[in-house]
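Trainee: I am new to this structure. Please take me through it by question and answer.

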Amino acid sequence: MSEVSYKEVATYYDDLWANLEKQSMAGVNNRHRTILLKLKKMGLRSDSTILEIGCGIGTLSGFIAKQIPKGKITGVDISPESIEFARKRYSANSNMQFLISDMTSFKHDQEYDIILFPDVLEHIPMEAHENIFKTISGLSHDKTIVAINLPNPKCLRWFHKNDPDKLQIIDLDIETNYLVKMLNQYGFYLHNKDTYALYFNQPDYEWFVFRKDFEFEKVVRKGKITTILNGIILRIALLFN
């Protein structure tokens with residue numbers, strides 16, 4: 001890596017999680033709750049298989065695992081200390097697995113329903129992104145969803161300028177057009193984007209849903225009655241807005 005090596009990143013997060021027991025006691029926060037809610041709106045099922053990239057010590061992993069008793073979540077992280085702690089922490093959970101990897105050449109004998117980046121892509125050196133997206137394309141089937149939660153780049157740029165001590169070793173301001181271009185190369189299209197405010201009055205996060213690209217087999221017009229009813233609903237909505 002040109003500026004920060006993977007070894008430096010791994011060491012940084014090993015040190016960051018040095019007091020793992022204290023960190024685990026912090027438990028689930030509003031960011032985790034928001035991500036789970038958005039996954040449910042995406043169609044999370046009790047038997048979903050999930051790959052969580054950048055799982056840390058597994059706090060979000062454990063939160064999600066409760067919702068997929070018939071499914072499985074695989075957490076991957078570059079920090080050996082974090083993975084060791086997560087394995088011990090969730091050793092009794094049969095639907096959870098934790099692996100050490102930087103994801104640039106990760107291989108697994110499974111295709112996942114959901115591939116989740118929960119506030120991690122901005123902490124990965126940019127030159128590694130393409131290999132990571134190439135990797136996940138090989139871990140997906142034709143219905144796979146890629147979900148990415150990121151800091152709003154405008155908000156992140158403010159912190160770079162005004163409060164850099166709050167940032168991690170790598171904190172990239174990633175724009176939508178960059179994500180779209182990168183994922184399009186590997187067969188995904190942008191299905192949905194939501195910019196939202198979680199901890200600040202200004203929108204500080206963005207949520208992206210990418211799906212496997214496809215072409216319509218046919219286009220069917222809605223029935224006349226459905227179109228009329230939709231028109232009535234829209235007129236009523238406009239009266240109250």
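**Helices, sheet and selected residues**

Mentor: Begin with a packing feature of this predicted model. Helix α3 (residues 30–42) lies across β4 (112–118), β5 (140–151), β6 and β7.

Trainee: At about what angle to β7 does α3 run?

Mentor: The angle is taken between N-to-C directions, on a scale from 0 to 180 degrees. For α3 against β7 it is about 30°.

Trainee: Across which strands does helix α5 lie, and at about what angle does it run to β3?

Mentor: Helix α5 covers residues 80–89 and lies across β2 (72–77) and β3. Its angle to β3 is about 160°.

Trainee: Which strands stand at the edges of the sheet?

Mentor: The sheet is open, has seven strands with mixed pairing, and follows the order β3-β2-β1-β4-β5-β7-β6. From one strand to the next the twist averages 15°. An edge strand has a single partner, so one of its sides is left without a neighbour in the sheet. The strands in that position are β3 (96–100) and β6.

Trainee: In β7, which residue is the bridge partner of Asp 194?

Mentor: β6 and β7 pair in the antiparallel sense, over eight bridges. In β7, the partner of Asp 194 is Trp 207.

Trainee: Is Phe 210 buried or exposed?

Mentor: Phe 210 lies in strand β7. It touches residues distant in sequence, including Thr 144, Ile 145, Leu 179, Phe 188 and His 191. Buried means under 20% relative accessible area. Phe 210 has 0%, so it is buried.

Trainee: How many Å apart in space are Phe 210 and Ala 147, C-alpha to C-alpha?

Mentor: In sequence, 63 residues separate Phe 210 and Ala 147. In space, their C-alpha atoms are apart by 6.4 Å.

Trainee: Is Gln 202 buried or exposed?

Mentor: Gln 202 is found in the loop between β6 (188–196) and β7 (205–212). Its C-alpha is 9.7 Å from that of Lys 154, with the two positions 48 residues apart in sequence. The cut-off for exposed is over 50% relative accessible area. Gln 202 has 51%, so it is exposed.

Trainee: What is the relative accessible area of Thr 49?

Mentor: Thr 49 is found in strand β1 (residues 49–53). Leaving aside neighbours within four places in sequence, its contacts include Lys 72, Gln 110, Tyr 112 and Ile 114. Thr 49 is buried, with a value of 14%.

Trainee: How wide an arc around the axis of α6 do its buried residues cover?

Mentor: In α6 (residues 129–137), the buried residues are His 129, Ile 132, Phe 133, Thr 135 and Ile 136. They sit on the same side of α6, because the arc they cover is only 155°. An α-helix has 3.6 residues a turn, so residues three or four places apart point the same way. The arc asked for is 155°.

Trainee: What is the radius of gyration of the chain?

Mentor: The chain has nine helices and seven strands. For 241 residues the globule rule gives 18 Å, and the chain comes close to this, so it is as compact as a globular protein of that length. The radius of gyration is 20 Å.

Trainee: What percentage of contacts between residues at least 6 apart in sequence join residues at least 24 apart?

Mentor: Buried residues make up 46% of the chain. Among the contacts you name, the share is 71%.

Note on methods:
Residues numbered from 1 in each chain as written. Predicted model: local features only at pLDDT ≥ 70, side-chain atom pairs only at ≥ 80, totals over all residues. Heavy atoms only, no water. Buried < 20%, exposed > 50% of the residue type's maximum accessible area, 1.4 Å probe, protein only. Helix = DSSP H or I, 4+ residues; strand = E, 2+ residues; numbered from the N terminus. Arc of directions from axis to C-beta. Contact = heavy atoms within 4.5 Å. Pairing = 2+ DSSP bridges. Rg over C-alpha atoms; globule rule 2.2 N^0.38 Å.
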